[in-house]
Amino acid sequence: MALSSHAALAAVDAVRQHFAERLAPGKESAPVAAELEHILALLADVDFSKADEKHLQASGHPVIRHLQQVGVSAKDNEVLAAFLPHLDALPWRYSYETRADAPDIGERMAWAELVGPIAPFKSEKVCIGLTAIGPGLLYPAHYHPAVETYLVLFGTARWTAEGITREHPPGTLILHPSNIIHAMQASDEPLLAAYAWTGDVETLSAYAEQ
Ligand SMILES: [Fe+2]
């Protein structure tokens, strides 16, 4: 089963539309609003007229089996609604090296990119994707040069950045400046969050400690 280019484009468009709505005056902090504008400007330069078929193939990643609970809030969230029918068909991947302290982590979390250097819609300047973390899983401290914006779609996880931990419910936008160390701890629900990367989107994320 592959993801249709139409479904991929609809999901990206839902993210774009949501980010545009969050730009209404006074809704977000100045740094978040500036980054949303940056993301939207970069997306305007992406060629969405054709999708790379090889990146529309479903990976069949085992993270899918941890996402059975996702869905109850879809009616309230147009971005989640755009992704939800296609969770089985997304090109999920996990590309960190193995960790001795979490040998099965690569089966319980993954991300699927729709815009980016390795994605159906090619860009070397901006990424749009979906991160999934299984119930109870800690996504350990990590960092990357790209500036990252997350939109929580499902699950209230504990998010840590620069040593400060907060619970963020669905609808929250979270900005991670370049190379900040951050981590997420899923609750008894899975965490599903859309993300955007800008800046150096080619350098992979790395764990802060093993
Ligand atoms: Fe990150």
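# Helix pair, open sheet and a few residues to look at

N179 counts as partly exposed, because 13 other C-beta atoms lie within 10 Å of its own, and the cut-off for exposed is 12 or fewer. Keep in mind that this is a predicted model. Besides N179, this briefing goes through a crossing of helices α1 and α2, an open sheet of five strands, and the surroundings of E113 and H55.

**Positive phi away from glycine**

- N179 sits in the loop that links β9 (173-176) with β10.
- Its phi is positive, at about 65 degrees, even though N179 is not a glycine.
- E162 is another non-glycine residue with a positive phi, near 50 degrees in this case.
- You'll find E162 in the loop between β7 and β8, in a hairpin that has two residues between the strands.
- Is E162 buried or exposed? E162 is exposed, since it has 9 other C-beta atoms within 10 Å.

**The open sheet**

- Five strands make up this open sheet, and reading across it gives β8-β7-β10-β5-β12, with antiparallel pairing.
- Which strands stand at the edges? They are β8 (164-168) and β12 (206-207): each has a single partner strand, so one side of each has no neighbour in the sheet.
- Edge strand β8 also lies largely in the open, because zero of its five residues are buried.
- Going inward from β8, strand β7 (residues 157-161) is joined to β8 by five bridges, and the two run antiparallel.
- If you want a register point for that pair, A157 stands opposite H168 in β8.
- β7 is also joined to β10, this time by four bridges, again in the antiparallel sense.
- Here A161 has H182 of β10 as its bridge partner.
- Next along, β10 (residues 182-185) pairs with β5 (residues 138-143) over three bridges, and this pairing is antiparallel too.
- H182 turns up again in this pairing: H142 stands opposite H182 in β10.
- So what does H182 face on its two pairings? H182 is the bridge partner of A161, and H142 stands opposite H182 as well.

**Helices α1 and α2**

- The axes of α1 (residues 5-22) and α2 (residues 30-43) come within 10 Å and cross at roughly 140 degrees.
- That angle makes α1 oblique to α2, because the roughly antiparallel label is kept for angles over 145 degrees.
- As for handedness, the crossing of α1 and α2 is left-handed.
- On the α1 side, the contact is made by R16, F19, A20 and R22, and on the α2 side by L36, I39, L40 and L43.
- Sorted by class, the contact of α1 with α2 has six nonpolar and two charged residues, and no polar ones.

**E113 in β2**

- E113 is part of strand β2 (residues 109-116).
- E113 counts as buried, because it has 24 C-beta neighbours inside 10 Å, where 20 or more is the cut-off.
- Which residues does E113 touch once neighbours within four places in sequence are left aside? E113 is in contact with I118, A119, C127 and G129.
- K125 is 12 residues from E113 in sequence, and their C-alpha atoms are 13 Å apart in space.

**H55 in the loop after α2**

- H55 lies in the loop between α2 and α3 (78-83).
- H55 counts as partly exposed, because it has 19 C-beta neighbours inside 10 Å, and buried needs 20 or more.
- How far apart are H55 and P91? H55 and P91 are 36 residues apart in sequence and 6.5 Å apart in space, C-alpha to C-alpha.
- P91 is also one of the contacts of H55 beyond four places in sequence, and the others are I118, A119 and P120.
- I118 and A119 are worth a look from both ends: they are in contact with E113, and they are in contact with H55.

Conventions: Residues numbered from 1 in each chain as written. Predicted model: local features only at pLDDT ≥ 70, side-chain atom pairs only at ≥ 80, totals over all residues. Axes fitted to C-alpha atoms, helices over the stretch in contact; angles between N-to-C directions. Parallel < 35°, antiparallel > 145°, perpendicular 65-115°, else oblique. Left-handed = near helix turned anticlockwise from the far one by under 90°. Contact = placed C-beta atoms within 7 Å. Nonpolar A, V, L, I, M, F, W, Y, C, P; charged D, E, K, R; others polar. Pairing = 2+ DSSP bridges.
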